[in-house]
Amino acid sequence: MSFYTLDSEGFGAVARFVADGWDQDECVVVVATGPHRAAVETRLVELGHDPAARSRAGRYLTLDAEETLAELVVDGRLEVDLFLRRVGDVVTEASAAGRPIRAFGEMVALLWQRGQIEVAIELELLWNQLLSEYDFSLLCAYPTGVFDHTELVDVRRVCDLHTDLMPVAGLSSTEGARLADGHACSRVFLPTAESVPAARHFVVDVLRAWGHDDLTADAALIVSELATNALTHAASPFRAVVDRRRGGLRIGVEDAARTPFERRAAQADDVSGRGVDIVAALSERWGYSPVPGGKVVWAELLDPSRSRAG
């Protein structure tokens, strides 16, 4: 099972996933909203494929994600048997010709956006049950930013249900324009190596939007070290937070590990282990605080212009 953030770049990734299946003589099942399915099909046409012809040949089966969820979720509860019949029947139909199957679905993401976290995770578990009964690959999609206001322990739960985590997309121009409005910005990142540079770019974009270009170099290095620490020692999704304060700003990285933060002393010949020393050297002060479900490690930087003015 794989994981993508879904936006304009994500539609292209899903289209390539579908096209690759057809190129390998597989049958493809797509469970998506009408607009998202149309966006994917537009990109499939650009790749030289004919979705309508594939559908007529029985190689392309679709379900409307919104309509299917309306059937499956009644009074806030997921009808398990109905899911296994409704979605299972489509998978059975796809496998009738004996071809391998691949499927793309975004029903879980819709539930997550509605705040129905427990139902979303239950649905993920049901997809896994189908995977144990049928041999097929499954690509799940979540919109960019859907986890930004979610507890990291819940993000970790859904990540643990996927075998691969493949984030795509950076900050859009619209999102970048909104950064200057508030006093604090945060974003959740998946536990992948790609998330460290992504967090670095996020923090730099925020500081530039706030007019703190002179702090970007130190801030980028600090968040890189804190994010690497979260991935290495907490093995957790993490939330990067940038908070404007009087005379400067605070950069924090929250993880979903309950273990207390420990500063480890690096030996002279160690090639790693000096991240906290770097953070301490660059910041005015640093520390960590427990939060529900985990902890946040933070560092504060002074605004040089205010320092000069004082």
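This tour moves through a predicted model, one selection at a time.

**The whole chain.** Begin with everything displayed as a cartoon: the protein has 13 helices and 12 strands, and of its 310 residues 49% count as buried. If contacts are drawn between residues at least 6 apart in sequence, 74% of them join residues at least 24 apart.

**Strand β2 and its partners.** Select residues 27-32, which make up strand β2. Six of the six residues of β2 are buried, so the strand is largely enclosed by the rest of the structure. In a regular strand the side chains alternate between the two faces of the sheet, and colouring β2 by alternate residues shows Cys27, Val29 and Val31 on one side, with Val28, Val30 and Ala32 on the other, all of them buried, so that both faces are covered.

Add residues 101-105, strand β6, which runs parallel to β2 and is joined to it by five bridges; here valine 28 stands opposite arginine 102. Then add residues 60-64, strand β3, which is likewise parallel to β2 and joined to it by five bridges, with leucine 63 of β3 as the bridge partner of valine 31.

**Helix α4.** Next, select residues 65-72, helix α4, and show its side chains: Ala65, Thr68, Leu69 and Leu72 are the buried residues. These four cover an arc of only 100° around the axis, which puts them on the same side of α4. Turning to the other side of the helix, one finds Glu67 and Ala70 exposed.

**The antiparallel sheet.** Now move to the open sheet of five strands, in which the order is β8-β9-β10-β12-β11 and the pairing is antiparallel. Its edge strands are β8, residues 184-189, and β11, residues 285-291, each of which pairs on one side only. Looking across the sheet, neighbouring strands are turned by 20° against each other on average, with direction ignored.

Within this sheet, select β9 (residues 238-245) together with β10 (residues 248-255), which pair in the antiparallel sense over eight bridges; in this pair, alanine 240 stands opposite valine 253 of β10. At the β11 edge, add residues 294-302, strand β12, which pairs with β11 in the antiparallel sense over seven bridges, including the one in which arginine 285 has glutamate 300 of β12 as its partner. The two strands β11 and β12 form a hairpin with two residues between them, and glycine 293 in the turn has a positive phi of about 85°.

**Helices α10 and α11.** Keep the five-stranded sheet in view and ask which strands helix α10 touches where it packs on the sheet. Selecting residues 195-209 shows α10 in contact with β8, β9 and β10, its direction making about 165° with that of β8.

Finally, add residues 216-234, helix α11, which packs against α10 at an angle of about 145°, the axes lying 9 Å apart; α10 passes α11 in a right-handed crossing. To see the contact itself, display Val196, Ala199, Arg200, Val203, Val204, Leu207 and Arg208 from α10, along with Thr216, Ala219, Ala220, Val223, Ser224, Ala227, Thr228 and Leu231 from α11. Coloured by residue class, the contact of α10 with α11 divides into 10 nonpolar, three polar and two charged residues.

How values were computed. Residues are numbered from 1 along each chain as its sequence is written. This is a predicted model: local features need pLDDT of at least 70, side-chain atom pairs count only at pLDDT 80 or more; totals for chains, interfaces and linings use all residues. Side-chain values use heavy atoms; hydrogens and water are left out. Two strands pair if DSSP finds at least two bridges between them. Axes are lines fitted to C-alpha atoms, for helices over the stretch in contact, and angles run from 0 to 180 degrees between N-to-C directions. Contact means heavy atoms within 4.5 Å. A crossing is left-handed if the near helix is turned anticlockwise from the far one by less than a right angle, and right-handed if clockwise. Ala, Val, Leu, Ile, Met, Phe, Trp, Tyr, Cys and Pro count as nonpolar, Asp, Glu, Lys and Arg as charged, and the others, Gly among them, as polar. Buried means under 20% relative accessible area, exposed over 50%, partly exposed in between (1.4 Å probe, protein chains only). The arc is that of the directions from the helix axis to the C-beta atoms.
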